[in-house]
Amino acid sequence: MVSYPPAMQRLVRELSRLPSIGEKSAARLAYHLLANDRQLAASLSKTIHEAVESIGLCERCFFLAESTLCTVCSDPSRDGSIICVVEKPMDVVAIERMQEYKGLYHVLHGVWAPMRGQGAENMRLNELTQRLDDGTIREAILATSSTVEGDATALYVARVLRERGVTCSRPAQGIPKGGELEYADDLTLSRAFKGRNVINL
Ligand SMILES: [Zn+2]
């Protein structure tokens, strides 16, 4: 049986490991890079290498950063009394796009989903509680997705933070149920933040 040359097979295999890329899409992408656009292939490979070398996680909030602190954490004009807790770095970018929120962030890099074997240890929650130690943070907006797991995560985090005297709120409804924050448009997000509801446990 004739198949792709080994180097292309490897490329297809690696591409198909990306989220939402199946084997057929991976083969189409590989063919495009190798047969139609070798210049793109070269610049893509160089850009990926450079990004991997230079981008890490902010040591305070775990957003993406090119140095020890991200651009938000190193900005002295941000309001250090309020923190917005999100699941993924893409959520920070979505919230920044509306240009209204001036507080800090904390990226959990996970959700609380014990049914799938993902407990609190899979989130950057300890790092969040350590940030409360100096008493500067007074309010947390828990902007996890409006999915079952996102809601459960928000409640779990709220319990932990409230024990430490932090007021917790959740963006108002408006972000479609099951919709992820990163896909919400700016106006919807802005309304959801302004009308956020305090979580009373
Ligand atoms: Zn940061």
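**Exercise 1. The cover over helix α2**

Task: In this predicted model, determine which helices are included in what covers the buried residues of α2, and on which side of α2 those residues lie.

Solution: Begin with the cover itself, which includes α1 (6-15) and α3 (38-54). Next, list the residues that are covered: the buried residues of α2 are Ala26, Ala27, Ala30 and Leu33. Because these residues span an arc of only 130 degrees around the axis, they fall on the same side of α2. The general background is that an α-helix has 3.6 residues a turn, so residues three or four places apart point the same way. Finally, turn to the other side of α2, where Lys24, Arg28 and Asn36 are exposed.

**Exercise 2. The span of helix α2**

Task: Work out what span the 14 residues of α2 should have at 1.5 Å a residue, and compare this with the distance between its end C-alpha atoms.

Solution: Helix α2 runs over residues 23-36, and at 1.5 Å a residue its expected span is 20 Å. The span is counted with one less than the number of residues. In the model the end C-alpha atoms of α2 are 19 Å apart, which agrees with the expectation.

**Exercise 3. How α2 meets α3**

Task: Describe the packing of α2 against α3 by angle and by distance between axes, and name the residues that make the contact.

Solution: Two packed helices are described by the angle between their axes and the distance between the axes. For α2 and α3 the angle is about 110 degrees, and the axes lie 5 Å apart. Since angles of 65 to 115 degrees count as roughly perpendicular, α2 is roughly perpendicular to α3. On the α2 side the contact is made by His32, Leu33, Leu34 and Asn36, while α3 contributes Arg38, Leu40, Ala41 and Leu44. Leu33 therefore appears both among the buried residues of α2 and in the contact with α3.

**Exercise 4. Cysteines and disulfides**

Task: Establish how many disulfides the model contains, and explain why Cys168 does not form one.

Solution: A disulfide requires two cysteine sulfur atoms within 2.5 Å. The closest cysteine sulfur to that of Cys168 belongs to Cys84 and is 12 Å away, which is too far for a bond. For the model, the count comes to zero disulfides. As for the surroundings of the cysteines, Cys168 counts as buried because its relative accessibility is 0%, and Cys61, also at 0% relative accessibility, counts as buried.

**Exercise 5. Two strand residues**

Task: For Gly103 and Val198, state the strand, the accessibility and the contacts beyond the sequence neighbours.

Solution: Gly103 lies in strand β4 (residues 103-107) and, at 1% relative accessibility, counts as buried. Leaving out residues up to four places away in sequence, Gly103 touches Val72, Arg78, Asp79 and Ile82. Val198 belongs to strand β7 (residues 197-198), and its relative accessibility of 47% makes it partly exposed. Beyond its neighbours within four places in sequence, Val198 is in contact with Thr167, Cys168 and Ser169, and so the buried Cys168 is one of its partners.

**Exercise 6. The chain as a whole**

Task: Which secondary structure elements does the chain have, and in what pattern do they follow one another?

Solution: The chain comes to seven helices and seven strands, which follow the pattern α-α-α-β-β-β-α-β-α-β-α-β-α-β along the sequence. Buried residues make up 39% of its 201 residues.

Methods. Residues numbered from 1 in each chain as written. Predicted model: local features only at pLDDT ≥ 70, side-chain atom pairs only at ≥ 80, totals over all residues. Heavy atoms only, no water. Helix = DSSP H or I, 4+ residues; strand = E, 2+ residues; numbered from the N terminus. Buried < 20%, exposed > 50% of the residue type's maximum accessible area, 1.4 Å probe, protein only. Arc of directions from axis to C-beta. Contact = heavy atoms within 4.5 Å. Axes fitted to C-alpha atoms, helices over the stretch in contact; angles between N-to-C directions. Parallel < 35°, antiparallel > 145°, perpendicular 65-115°, else oblique.
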